[in-house]
Amino acid sequence: MNSKPKPQPLSPSPPASSSAAAASTSRASAASRPKKAHPSSDPSAPNHPTKKPRLALSAPGRPLSADGEVAAAIRHLRAADPALAAVIDAHEPPAFHCPHRPFHSLVRSILYQQLAFKAASSVYSRFIALLGGEAGVVPDAVLALTPHQLRQIGVSPRKASYLHDLARKYATGILSDAAIVSMDDRSLAAMLTMVNGIGAWSVHMFMIFSLARPDVLPSADLGVRKGVQMLYGLDDVPRPSQMDKLCERWRPYRSVGAWYMWRVIESKAPQPAPAIPVGPLTLPAPDGQLMLEHHQQQHHQQQHQEQTVIQMIDPLQMLPGMG
């Protein structure tokens with residue numbers, strides 16, 4: 001909860017007997033010296049010496065979960081980017097509906113970090129059971145969980161500290177669901193990255209899939225960058241610093257454009273290699289051995305490629321609300 005700014009001390013009043021003389025002297029002095037900018041009494045003003053600037057709150061645009069908003073985004077993207085129009089035609093439109101409150105979604109994001117999807121789902125299920133169901137995922141309940149309890153369900157000590165830091169910032173009023181929903185994108189990113197364990201990538205995913213913010217570009221995401229490379233036939237994967245310029249035409253619906261880049265990556269995922277029959281070799285031993293080794297090498301390379309693609313797609317699977 002934001003504390004109310006303390007009232008600034010009033011200037012001392014002159015004695016009653018000398019008020020007229022003081023007023024006359026003051027008028028004369030004011031006329032003879034240059035005017036100075038008076039410091040604002042607002043503690044959020046930059047020239048205030050004792051208070052840090054507060055992050056501005058502003059109502060964001062219509063979320064992608066609002067009726068007709070995804071359709072409007074698709075119309076804009078189709079008209080603005082002919083290359084993307086072909087991708088849009090090849091896939092069903094996305095749906096952005098998150099069943100969880102912001103605090104729950106942030107907790108879920110922390111639990112899923114750096115884990116394979118199946119392992120993360122198992123940890124999340126045990127976490128929900130520990131709290132007595134999804135309705136129990138509230139700050140006070142998370143704060144009450146000990147590191148030992150969390151360790152028993154597969155949550156590392158570091159992640160336990162992240163969960164507690166998030167819950168503590170909610171309990172002390174630094175964060176709240178209502179404030180998160182109302183903040184503009186820049187302010188929200190600044191506030192959420194104050195939480196240990198939540199970085200820029202996690203914030204972008206949260207904005208897109210939990211808050212359904214329409215114009216978020218996760219420019220550091222490898223899947224989105226590789227999708228842009230494939231979309232425009234670039235020789236190299238674009239750097240994060242190049243993404244804003246490359247995706248400028250998608251504004252104000254860059255979240256939806258990013259969603260389609262993940263679909264591009266997904267559609268280009270290599271298919272599993274055909275099974276190699278194992279049996280007596282009919283070729284002479286040296287040639288047969290070379291052929292078998294060649295097939296095995298191809299199979300391992302194929303598995304590595306599939307694993308790489310899965311690693312880029314898994315972050316999508318961990319987030320609710322993805323259509």
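Select helix α14 (residues 254–267; helices are DSSP runs of H or I with at least four residues, numbered from the N terminus): α14 is mostly covered, with twelve of its 14 residues buried (under 20% relative accessible area, 1.4 Å probe, protein chains only). The model is predicted, so local features need pLDDT of at least 70 and side-chain atom pairs pLDDT 80 or more, while totals for chains, interfaces and linings use all residues. Residues are numbered from 1 along each chain as its sequence is written, and side-chain values use heavy atoms, without hydrogens and water.

From its first C-alpha to its last, α14 reaches 20 Å, close to the 20 Å expected (1.5 Å times one less than the number of residues). Its buried residues include W259, W262 and R263.

Within α14, display R263, which lies over the face of W259 at 4.7 Å from the ring centre (CZ of Arg or NZ of Lys within 6 Å of the centre and within 35 degrees of the ring normal). Elsewhere, R108 lies over the face of Y124, at 5.1 Å from the ring centre.

Turn next to the aromatic pairs, six in count (Phe, Tyr or six-membered Trp rings with centres within 6.5 Å; planes under 30 degrees apart are stacked, over 60 edge-to-face, the rest tilted). Select Y112 and F117: their ring centres are 6.4 Å apart and their planes at 45°, so the pair is tilted. Y112 is buried at 3% relative accessibility.

Finally, select F209 and W262, a tilted pair at 5.8 Å and 40°. F209 belongs to helix α11 (residues 200–209) and W262 to α14, so the pair ties together parts 53 residues apart in sequence. Both F209 and W262 are buried, and together with F96 they form one aromatic cluster.

How values were computed: Helix = DSSP H or I, 4+ residues; strand = E, 2+ residues; numbered from the N terminus. Buried < 20%, exposed > 50% of the residue type's maximum accessible area, 1.4 Å probe, protein only.
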